[in-house]
Amino acid sequence: DGIMNFLYGGNGINLMDVAAPTAAAQAVSETVTTTVVKTAAPNLLRPEISNTITKVRPDVFPLDTILRKIGRLGKCDSREYKYYSSAVRGVSDILTAQYTQADVTSGELAVTNPHIWLADDIGFVPGTVAYTGGEEFRFKVTKVDNTNKKLTIVAVNGCGAGGTGTGSYIPTILTASKVTRIGNAKAEIDAQNTPYANMPTDTTNYVQIFMCQVEESLVESTHNKEVEYNINDFQTDAIYDMRRMGELTMLFGYPKQDVFDPESQKNVDLMGGARHFITKTITYDHAVTGTNAKLNSMSKENFAGNNGGFQRILFAGNGLIEWLMNTPVVEKQLAADKTEIIAGIKFKVISTFFGDWLIRRHQAFDDVDGYTNNGLILDIDNVERRIRQATTTTELDLNKTGQRKVKAYRIDEAWTMAFRNPDTHAWVEHVTT
């Protein structure tokens with residue numbers, strides 16, 4: 001009833017322009033910023049019409065439901081939306097060439113990620129002892145050569161001549177040795193440090209217009225029927241399909257602007273989805289029974305080494321769900337029946353020391369051929385919807401204009417997606433070993 005009440009009462013009004021007086025107006029005695037607006041008017045970009053639409057099979061379109069009801073929303077004032085992602089400064093590096101002990105106190109290490117280092121940083125080489133019986137080697141960086149990917153270092157706890165005993169010489173460090181940046185050290189009179197800025201990378205997505213329209217002839221609407229089935233039911237079906245297309249686009253869309261249709265002689269913009277923007281993959285073999293060790297490894301790949309949240313959503317196809325349910329640690333946790341409700345949708349919670357997965361079977365992975373054994377992990381705090389046109393409903397008076405003797409209604413909206421910090425998300429893919 002709620003859906004039909006809003007549909008028949010829409011008459012082309014953009015619901016973003018209508019404010020329901022649910023609370024007293026707030027006077028803001030400070031500069032109006034996006035943060036202030038979000039606090040003072042949290043529903044500004046989440047119109048009631050959009051929330052009402054989520055009542056049409058909310059569990060079948062879980063990502064769409066979450067973003068409409070509680071997800072991060074923002075406004076988009078153009079056909080395209082550019083957003084930025086930034087990673088934290090890394091601490092791990094790998095040697096690309098062996099350093100051979102040569103009885104010197106200063107030398108160069110060839111590394112993979114020179115950009116994470118600054119002069120005065122302290123490095124730690126786990127597994128490489130300075131000398132027999134000594135501790136693992138530490139060094140201080142004196143110079144960084146980004147062009148040639150080299151660090152000039154001095155030993156902190158070095159070896160003696162010929163690599164024997166304690167001393168101030170740099171020991172042999174093998175190729176592919178792991179190196180960790182553990183801090184920096186400044187002199188007593190130092191008043192400055194080398195500046196470091198981790199510049200964000202930009203990504204562009206495009207606004208796509210989603211639309212559905214339903215019609216019922218005036219004669220048919222008054223005709224006796226064995227089962228009452230009218231435009232109310234047609235509209236529910238149309239909304240179902242519009243949401244289904246939106247959900248699939250968020251998952252599998254490809255971003256492209258001005259795609260030309262030679263039949264209609266019109267251009268359209270297409271929105272990119274998770275399949276395009278999220279490139280990180282976690283693999284498993286569906287034919288091999290899942291083990292606790294494998295699940296822990298997958299969890300580590302997902303949660304470790306990025307700046308995402310401790311809880312992430314896993315949408316999975318039937319094949320992946322089946323594989324997870326047969327994994328011993330998941331079987332035990334399912335017996336405890338730990339669940340969490342997000343936007344009215346029930347998720348099963350699987351906990352690991354690295355983080356928690358909130359798991360939900362997603363029909364789209366079985367609708368799309370070849371994806372039943374796959375899944376998508378999303379850090380939902382790094383997923384947002386940008387709205388150019390909020391959901392609107394318009395009554396089309398085709399009878400009065402002499403086009404057709406029908407009742408007609410159109411629902412349309414225009415929006416795009418942003419998957420920020422892509423390393424916090426991942427595809428789970430079946431790969432035959």
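These legends describe close-up views of a predicted model.

**View 1. Six strands make an open, antiparallel sheet.** The strand order is 3-10-5-6-7-4. Strand 3 and strand 4 stand at the edges. Each has a single partner strand, so one side of each has no neighbour in the sheet. Neighbouring strands are turned by 40° against each other on average, direction ignored. In general, strands of a sheet pair through backbone hydrogen bonds, either parallel or antiparallel.

**View 2. Strand 5 pairs with strand 6.** Strand 5 covers residues 121–129, and strand 6 covers residues 136–145. Their pairing is antiparallel and runs over five bridges. To find one matching position, look at F124. R138 in strand 6 stands opposite this residue.

**View 3. Q101 sits in a loop.** The loop lies between strand 3 (92–94) and strand 4 (106–110). Is Q101 buried or exposed? Q101 is buried, because its relative accessible area is 17% and buried means under 20%. The side chain of Q101 makes a polar contact with the side chain of D103, at 2.6 Å. Leaving aside residues up to four places away in sequence, Q101 also touches C159, G160, G162, G163, Y169, I170, P171 and T172.

**View 4. Seven strands form an open sheet with mixed pairing.** Read the order as 15-23-20-16-19-18-17. The edge strands are strand 15 (281–284) and strand 17 (339–342). Each of these pairs on one side only. From one strand to the next, the twist averages 30°.

**View 5. Strand 15 runs parallel to its partner, strand 23.** Strand 23 spans residues 426–430. The two strands pair over four bridges. One position to pick out is T283, whose bridge partner in strand 23 is E429.

**View 6. Strand 19 has a parallel partner in strand 16 and an antiparallel partner in strand 18.** Strand 19 spans residues 356–361 and is mostly covered. How many of its six residues are buried? Five are. Strand 16 (residues 311–316) pairs with strand 19 over six bridges. Within that pairing, L314 has I359 as its bridge partner. Strand 18 (residues 345–351) pairs with strand 19 over four bridges. Here S351 stands opposite D356. Strand 18 and strand 19 form a hairpin, with four residues between them.

**View 7. Helix 4 and helix 8 pack on the seven-stranded sheet.** Helix 4 covers residues 62–69. Helix 4 touches strand 16, strand 17, strand 18 and strand 20 (375–378). The direction of helix 4 makes about 145° with that of strand 16. Helix 8 touches strand 15, strand 16, strand 18, strand 19, strand 20 and strand 23. The direction of helix 8 makes about 175° with that of strand 15.

**View 8. Helix 8 keeps its buried residues on the same side.** Helix 8 has 12 residues, numbered 292–303. From its first C-alpha to its last, helix 8 reaches 16 Å, close to the 16 Å expected at 1.5 Å a residue. Which residues of helix 8 are buried? They are L295, M298, S299, N302 and F303. Why are they on the same side of helix 8? They cover an arc of only 115° around the axis, which puts them there. As a rule, an α-helix has 3.6 residues a turn, so residues three or four places apart point the same way. Just after helix 8 comes G305, with a positive phi of about 80°.

How values were computed
Residues numbered from 1 in each chain as written. Predicted model: local features only at pLDDT ≥ 70, side-chain atom pairs only at ≥ 80, totals over all residues. Heavy atoms only, no water. Expected span 1.5 Å × (residues − 1). Buried < 20%, exposed > 50% of the residue type's maximum accessible area, 1.4 Å probe, protein only. Arc of directions from axis to C-beta. Polar contact = N/O pair within 3.5 Å; in protein donor to acceptor, adjacent residues only side chain to side chain. Contact = heavy atoms within 4.5 Å. Pairing = 2+ DSSP bridges. Axes fitted to C-alpha atoms, helices over the stretch in contact; angles between N-to-C directions.
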